[in-house]
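Trainee: Please take one part of this model and go through it closely. I would like to see how the charged side chains pair up, and then hear about the cysteines.

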Amino acid sequence: MPSAACIIVCAVQNEGWRVSDLDGAEQLQQLWDREDFQAGQGDNLLVYGLPELPARRVLLLGLGQAEKLSVQTFSQAVEQAIRTLQANGVADAVLCLPTGTGIAPAALARHAVLAAARVLY
């Protein structure tokens with residue numbers, strides 16, 4: 001994965017991270033195990049100092065409960081993430097699309113772009 005100012009990583013409440021093949025994922029698992037992040041719908045936590053990840057910071061993005069996840073709730077969470085990044089002066093970020101959601105990755109990508117456009121333009 002290329003380096004970025006921030007990596008956005010999605011999590012589902014009571015289930016954990018929804019990423020695959022991310023370098024440094026064990027550091028994210030340690031955060032989850034300590035219960036530093038609950039992953040409620042729209043919750044986010046900006047984390048610094050995870051040296052194994054290819055970014056200066058990681059934004060943990062809560063998607064809420066798996067059974068309530070839809071493209072609409074995903075879009076709302078992405079909008080909140082972008083507002084958080086703006087408030088913290090982050091100019092570029094990479095969004096790791098969540099896996100195992102039952103929503104097609106293409107649909108998630110499309111709605112992430114539309115959410116970004118609503119916030120930024």
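**Salt bridges and cysteines**

Mentor: Glu79 and Arg118 form a salt bridge through their side chains, at 2.6 Å from N to O. Keep in mind that this is a predicted model. Glu79 sits in helix H2, while Arg118 sits in helix H3 (residues 105–120), so the pair ties together parts 39 residues apart in sequence.

Glu79 has a second partner. Its side chain also meets that of Arg83 in a salt bridge, with an N to O distance of 3.7 Å. Here both residues belong to helix H2 (residues 71–87). They are four residues apart, so about one helical turn separates them.

Now look at exposure. Glu79 is buried, at 14% relative accessible area. Arg83 is partly exposed at 41%. Arg118 is partly exposed too, with 47% relative accessibility. Shared partners join Glu79, Arg83 and Arg118 into one salt-bridge network. A search of the whole structure gives two salt bridges.

On to the cysteines. The structure has zero disulfides. Take Cys6: the closest cysteine sulfur is that of Cys96, 9.7 Å from its own, which is too far for a bond. A disulfide needs the two sulfurs within 2.5 Å. Cys10 is in no disulfide either. For Cys10, the nearest cysteine sulfur is again in Cys96, 7.7 Å away. Cys6 is buried, at 0% relative accessibility. Cys10 is buried as well, with a relative accessible area of 0%.

Key: Residues numbered from 1 in each chain as written. Predicted model: local features only at pLDDT ≥ 70, side-chain atom pairs only at ≥ 80, totals over all residues. Heavy atoms only, no water. Buried < 20%, exposed > 50% of the residue type's maximum accessible area, 1.4 Å probe, protein only. Salt bridge = Lys/Arg side-chain N within 4 Å of Asp/Glu carboxyl O. Helix = DSSP H or I, 4+ residues; strand = E, 2+ residues; numbered from the N terminus.
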